[in-house]
Amino acid sequence: MEPLRVSASDFQRNVVRYHDVALRRPVTVCDEGRDRTVLLSIEEYERLKRRDREVLSLEDFTDADIALLEASSPPAESAAFDHEMDD
C-alpha cells in the first residue's frame, strides 16, 4: 500500500489522527518537501524486522560451511533468473 505523505507541521497538529492512519498504512512525514520519517504499525515494523538479514564475510564461515556451499546447487526454478547475470 502506498504511504500517505503529510507535512511535518500537519503531522504535529494531527498526531493522534496519523497514529490511527498508520495502523492501516505507512505515514511519511515530509519536511521542506523531503521525506524525513515514516510512521508504521508495530505489526508492519515487526514483519520488516523479521526480514532483516545478517551480512557475513568469508572469515565468518568454517571450511565445512564453505564445502557445503560449494557442493550445493540451486533449485531448477531459479533458472528463470539467469538472465540477470548477463551484461
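**Figure 1. The whole chain and its outer surface.** The protein chain exposes about 7800 Å², and carbon and sulfur atoms supply 52% of that area. Keep in mind that this is a predicted model. Going along the sequence, you'll meet the pattern β-α-α-β-β-α-α, which comes to four helices and three strands. Put a box around the C-alpha atoms, along the principal axes, and it works out at roughly 60 × 30 × 25 Å. The radius of gyration of the chain is 21 Å, whereas a compact globule of 87 residues would have one near 12 Å. Buried residues make up just 14% of the 87 residues. As for contacts between residues at least 6 apart in sequence, 16% of them join residues at least 24 apart.

**Figure 2. Where the charges sit.** The chain carries 12 positive and 21 negative charges. Take the mean position of each set, and those two points turn out to be 15 Å apart.

**Figure 3. The largest nonpolar core.** Which residues make up the largest nonpolar core? There are seven of them: Val-6, Phe-11, Tyr-18, Val-21, Ala-22, Val-27 and Val-29. Helix 2 (15–22) and strand 2 (27–31) are the elements that give two or more residues to this core. Helix 2 has the largest share, with three residues. As background, nonpolar side chains tend to be buried together in soluble globular proteins.

**Figure 4. Val-29 and its neighbours.** Zoom in on Val-29, one of the core residues. Skip anything up to four places away in sequence, and Val-29 touches Val-6, Ser-7, Ala-8 and Phe-11, as well as Arg-34, Asp-35, Arg-36 and Thr-37. Val-6 and Phe-11 in that list belong to the largest nonpolar core too.

**Figure 5. Thr-28, tucked into strand 2.** Thr-28 has its place in strand 2. Is this residue buried or exposed? Thr-28 counts as buried because its relative accessibility is 7%, and the cut-off for buried is under 20%. Leaving aside neighbours within four places in sequence, Thr-28 is in contact with Pro-3, Leu-4, Arg-5 and Val-6, and also with Asp-35, Thr-37 and Val-38.

**Figure 6. Glu-32 in the loop.** Follow the chain from strand 2 towards strand 3, and you'll find Glu-32 in the loop between them. Glu-32 counts as exposed, since its relative accessibility is 75% and exposed means over 50%. Now check the backbone: phi of Glu-32 is near 55°, a positive value in a residue other than glycine. For background, most residues other than glycine have a negative phi.

**Figure 7. Leu-39 in strand 3.** Leu-39 lies in strand 3 (residues 34–39). With a relative accessible area of 22%, Leu-39 is partly exposed. What does Leu-39 contact, leaving aside its neighbours within four places in sequence? The list is Phe-11, Tyr-18, His-19, Ala-22, Arg-25, Pro-26 and Val-27. Look at the last of these: Val-27 is 12 residues from Leu-39 along the chain, and their C-alpha atoms are separated by 5.1 Å.

**Figure 8. Arg-13 in helix 1.** Arg-13 is found in helix 1 (residues 8–13). With a relative accessible area of 61%, Arg-13 is exposed. Its C-alpha atom and that of Arg-36 are separated by 17 Å, and the two residues are 23 apart along the chain.

Notes:
Residues are numbered from 1 along each chain as its sequence is written. This is a predicted model: local features need pLDDT of at least 70, side-chain atom pairs count only at pLDDT 80 or more; totals for chains, interfaces and linings use all residues. Side-chain values use heavy atoms; hydrogens and water are left out. A nonpolar core is a set of buried Ala, Val, Leu, Ile, Met, Phe, Trp, Tyr and Cys residues joined through side-chain atoms within 4.5 Å. Buried means under 20% relative accessible area, exposed over 50%, partly exposed in between (1.4 Å probe, protein chains only). Contact means heavy atoms within 4.5 Å. The radius of gyration is taken over C-alpha atoms; the globule rule is 2.2 Å times the number of residues to the power 0.38. Accessible areas come from the Shrake-Rupley method with a 1.4 Å probe; for residues, only the protein chains shown count as cover. Lys and Arg count as positive and Asp and Glu as negative; His and the chain ends are not counted. The place of a charge is taken as NZ of Lys, CZ of Arg, CG of Asp or CD of Glu.
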